[in-house]
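Biologist: I have a new model open and would like to go through it slowly. Could you show it and walk me along?

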Amino acid sequence: MGKLNFLLAEDYIKPKIYFQSKQAPLFNASYSYADRNQFEGLEHLTHLLRSPKGFILNAFQIDYYQTLPQLIAKTLKENRSYKKLYILGPELSLSILKRSSRTVYEKHFQEFGYINVERDFQGVLRQCLALLQEGHILYILPEASICWRPEHFRPVENTLTPLCSTLLSQEAHVPILSSSTKEGSDKVILHEPNMPQQYVGDLESRIYQQSESVYNLLESPVSDY
């Protein structure tokens with residue numbers, strides 16, 4: 001009986017272990033010195049990468065070495081994120097990127113998905129919207145908008161061609177992060193995200209408004225200092 005009391009007492013004074021709910025790991029975007037020298041506005045990228053929502057990256061500059069997609073893929077991999085980056089462009093551009101990936105950037109080859117925008121418009125649209133809803137990232141090459149635009153849009157006089165990125169942004173309700181090259185330098189500027197809810201009207205008018213806003217970034221003073 002004494003032994004039983006001892007065991008009960010020992011159990012009573014034993015420190016209690018309480019199980020706490022596991023919190024989501026903190027997303028750590030640790031950019032290198034070289035990254036910060038090459039890109040301006042990385043805080044905008046970090047904010048979107050941390051969000052569970054997908055987003056669109058609209059590239060104005062030709063990035064032959066795909067430095068920005070590589071930076072994103074590396075950051076996602078370091079954080080074991082479920083997100084994946086998909087590059088949208090015409091077949092010729094994608095085939096060139098794939099060939100260069102197999103040689104110079106072979107280790108990054110499996111990090112990207114590729115979407116040929118010259119395929120059936122509705123099929124591409126459905127695929128892109130599904131990826132954005134799942135939280136993935138669409139990186140749109142500069143030449144993509146030339147090859148892929150909605151056929152049902154009425155031509156508007158004295159208006160710029162609407163961007164495919166703005167159609168996706170309005171349909172999926174996700175932001176656009178635009179990148180352009182700083183004048184007189186190779187530095188890439190990541191502009192403040194353009195949010196779809198900033199625009200009013202029917203779908204087509206919102207797309208034209210947002211396209212004009214995104215195009216204006218090319219003439220913005222932020223690109224000149």
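Modeller: Let us begin at Y64, which lies in the loop between β2 (55-59) and α4 (67-78); helices (H or I, at least four residues) and strands (E, at least two) are DSSP runs, numbered from the N terminus. Please keep in mind that this is a predicted model, in which local features need pLDDT of at least 70 and side-chain atom pairs count only at pLDDT 80 or more, while totals for chains, interfaces and linings use all residues. Residues are numbered from 1 along each chain as its sequence is written, and side-chain values use heavy atoms, with hydrogens and water left out.

Biologist: Is Y64 buried or exposed?

Modeller: Y64 counts as exposed, at 66% relative accessibility, where buried means under 20% relative accessible area, exposed over 50%, and partly exposed in between (1.4 Å probe, protein chains only).

Biologist: Which residues make the nonpolar surface patch there?

Modeller: I62, Y64 and Y65 make a nonpolar surface patch of about 410 Å². Patches are made of residues with over 30% relative accessible area and no salt bridge (a side-chain nitrogen of Lys or Arg within 4 Å of a carboxyl oxygen of Asp or Glu); like charges are joined within 9 Å, and nonpolar side chains (Val, Leu, Ile, Met, Phe, Trp, Tyr) within 5 Å. The areas come from the Shrake-Rupley method with a 1.4 Å probe, and for residues only the protein chains shown count as cover.

Biologist: OK, stepping back, how many helices and strands does the protein have?

Modeller: There are nine helices and seven strands, and the seven strands form an open sheet with mixed pairing, in the order β1-β7-β6-β2-β5-β3-β4. Its edge strands are β1 (39-40) and β4 (112-116), each of which pairs on one side only; two strands pair if DSSP finds at least two bridges between them.

Biologist: What does β1 pair with?

Modeller: β1 pairs with strand β7 (residues 188-190) in the parallel sense, over two bridges, and F39 stands opposite V188 in β7.

Biologist: And β5, which strands does it pair with?

Modeller: β5 pairs in the parallel sense with β2 over four bridges, and likewise with strand β3 (residues 85-89) in the parallel sense over four bridges. The bridge partner of N58 in β5 is I140, while that of Y86 is L138.

Biologist: Which β5 residues cover its two faces?

Modeller: I137 and Y139 on one side, and L138 and I140 on the other, are all buried, so both faces of β5 are covered. In a regular strand the side chains alternate between the two faces of the sheet.

Biologist: Let's stay with L138, then; what does it touch?

Modeller: L138, in strand β5 (residues 137-140), is buried with a relative accessible area of 0%. Not counting residues up to four places away in sequence, L138 touches several residues, including F55, Y86, I115, C128 and L168, a contact being heavy atoms within 4.5 Å. L138 and I87 are 51 residues apart in sequence, yet their C-alpha atoms are 6.1 Å apart in space.

Biologist: You mentioned C128, so how many disulfides does the search find?

Modeller: The search of the whole structure finds zero disulfides, a disulfide being a pair of cysteine sulfur atoms within 2.5 Å.

Biologist: Why no bond for C128?

Modeller: Because the closest cysteine sulfur, in C164, is 8.0 Å from the sulfur of C128, which is too far for a bond. C128 is buried, with a relative accessible area of 0%, and C164 is buried too, at 1%.
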